[in-house]
Amino acid sequence: VCASKSNPATMVFFKDFGKPAKDLLSKNYTFSQQKLEVSGKNDKVTFDGELNSKGTGKLETEYKLPHSTSLNLEFLSGNDITGTVKVKDIAPSTTLKAKTTSGKNLFVGLEHTADLGAF
């Protein structure tokens, strides 16, 4: 260890030797899993897709429709489909939202936003 008045010697503890290598080797890495992600966007459509080596995947799409309306669709590999329709400004500061999952459940809601909060 070199030391001078401007650079005093610092003692290195034996427990610190190889610490970066130990930190790197102690993490759980999955070497056999691959993932493919695809995304795209234009003026009216946005989509994100994901497929992994386990055979599961997901595709999310968002369509912008006229009159401040949007349609979101999510396709999962287990034959699950979720659809959401949002219509903004049906009344001032009010949004209508309808969501269904594979035709089983249906949720319909209204959201009103104001300066002080949202309902």
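Buried means under 20% relative accessible area, exposed means over 50%, and partly exposed covers what is in between (1.4 Å probe, protein chains only). Keep that handy for the exercises below. The model is a predicted one, where local features need pLDDT of at least 70, side-chain atom pairs count only at pLDDT 80 or more, and totals for chains, interfaces and linings use all residues. Residues are numbered from 1 along each chain as its sequence is written, and side-chain values use heavy atoms, with hydrogens and water left out.

**Exercise 1. Sort His67, His112 and Asp89 by exposure, and say where each one sits.**

Step 1: Start with His67. Its relative accessible area is 74%, so His67 is exposed. You'll find His67 in the loop between S3 and S4.

Step 2: Now take His112, which belongs to strand S7. His112 counts as partly exposed because its relative accessibility is 33%.

Step 3: Asp89 is part of strand S5. With a relative accessible area of 54%, Asp89 is exposed.

Step 4: How far apart are the C-alpha atoms of His112 and Asp89? They are separated by 9.3 Å, and the two residues are 23 apart along the chain.

**Exercise 2. Describe the chain and lay out its sheet.**

Step 1: Count the elements. The chain has one helix and seven strands; these are DSSP runs, numbered from the N terminus (helices: H or I, at least four residues; strands: E, at least two).

Step 2: Read along the sequence and you get the pattern α-β-β-β-β-β-β-β.

Step 3: Put the strands in order. They make an open sheet of seven, ordered S1-S2-S3-S4-S5-S6-S7, with antiparallel pairing. Two strands pair if DSSP finds at least two bridges between them.

Step 4: Which strands are at the edges? Strand S1 (35–41) and S7 are, as each pairs on one side only. From one strand to the next, the twist averages 10° (axes are lines fitted to C-alpha atoms, for helices over the stretch in contact, and angles run from 0 to 180 degrees between N-to-C directions).

Step 5: Check the chain totals. Of the 119 residues, 10% count as buried. Among the chain's contacts with a separation of 6 or more, residues 24 or more positions apart account for 0%. Contact here means heavy atoms within 4.5 Å.

**Exercise 3. Walk through the two hairpins that S6 takes part in.**

Step 1: Begin with S5 and strand S6 (residues 94–101). They run antiparallel and are joined by eight bridges. Ala91 stands opposite Thr94 in S6.

Step 2: Look at the turn. Two residues lie between S5 and S6, and Ser93 in this hairpin takes a positive phi near 60°.

Step 3: Move on to S6 and strand S7 (residues 105–112), which are antiparallel too, with eight bridges joining them. Here Thr100 stands opposite Leu106 in S7.

Step 4: This hairpin has three residues between its strands, and Ser102 in the turn has a positive phi of about 50°.

Step 5: What's the point of noting the sign of phi? Most residues other than glycine have a negative phi. Two further cases are His67, with a positive phi near 65°, and Asp89, with a positive phi of about 60°.

**Exercise 4. Compare the surroundings of Thr84 and Thr61.**

Step 1: Thr84 lies in strand S5 (residues 80–91), and Thr61 lies in strand S3.

Step 2: Buried or exposed? Thr84 is buried because its relative accessible area is 9%. Thr61 also has 9% relative accessibility, so Thr61 counts as buried.

Step 3: List the neighbours, leaving out residues up to four places away in sequence. Thr84 touches Ser70, Leu71, Asn72, Lys97, Ala98 and Lys99. Thr61 touches Thr46, Phe47, Leu71, Asn72, Leu73 and Phe75.

**Exercise 5. Describe the largest pocket and its lining.**

Step 1: Get the volume. The largest pocket holds about 210 Å³ of space. A pocket, on a 1 Å grid over the protein atoms alone, is an open set of points where a 1.4 Å probe fits, with protein on both sides within 12 Å along at least five of seven lines. Grid points are joined across faces, edges and corners, and the volume is the space filled by probe spheres set on the points.

Step 2: Name the lining, meaning residues with an atom within 4 Å of a point. There are 13 lining residues, and Glu60, Thr61, Asn72, Leu73 and Glu74 lie nearest the centre.

Step 3: The elements giving two or more residues to this lining are strand S2 (45–52), strand S3 (57–65), strand S4 (69–76), S5 and S6.

Step 4: Sort the lining by type: two nonpolar, five polar and six charged. Ala, Val, Leu, Ile, Met, Phe, Trp, Tyr, Cys and Pro count as nonpolar, Asp, Glu, Lys and Arg as charged, and the others, Gly among them, as polar.
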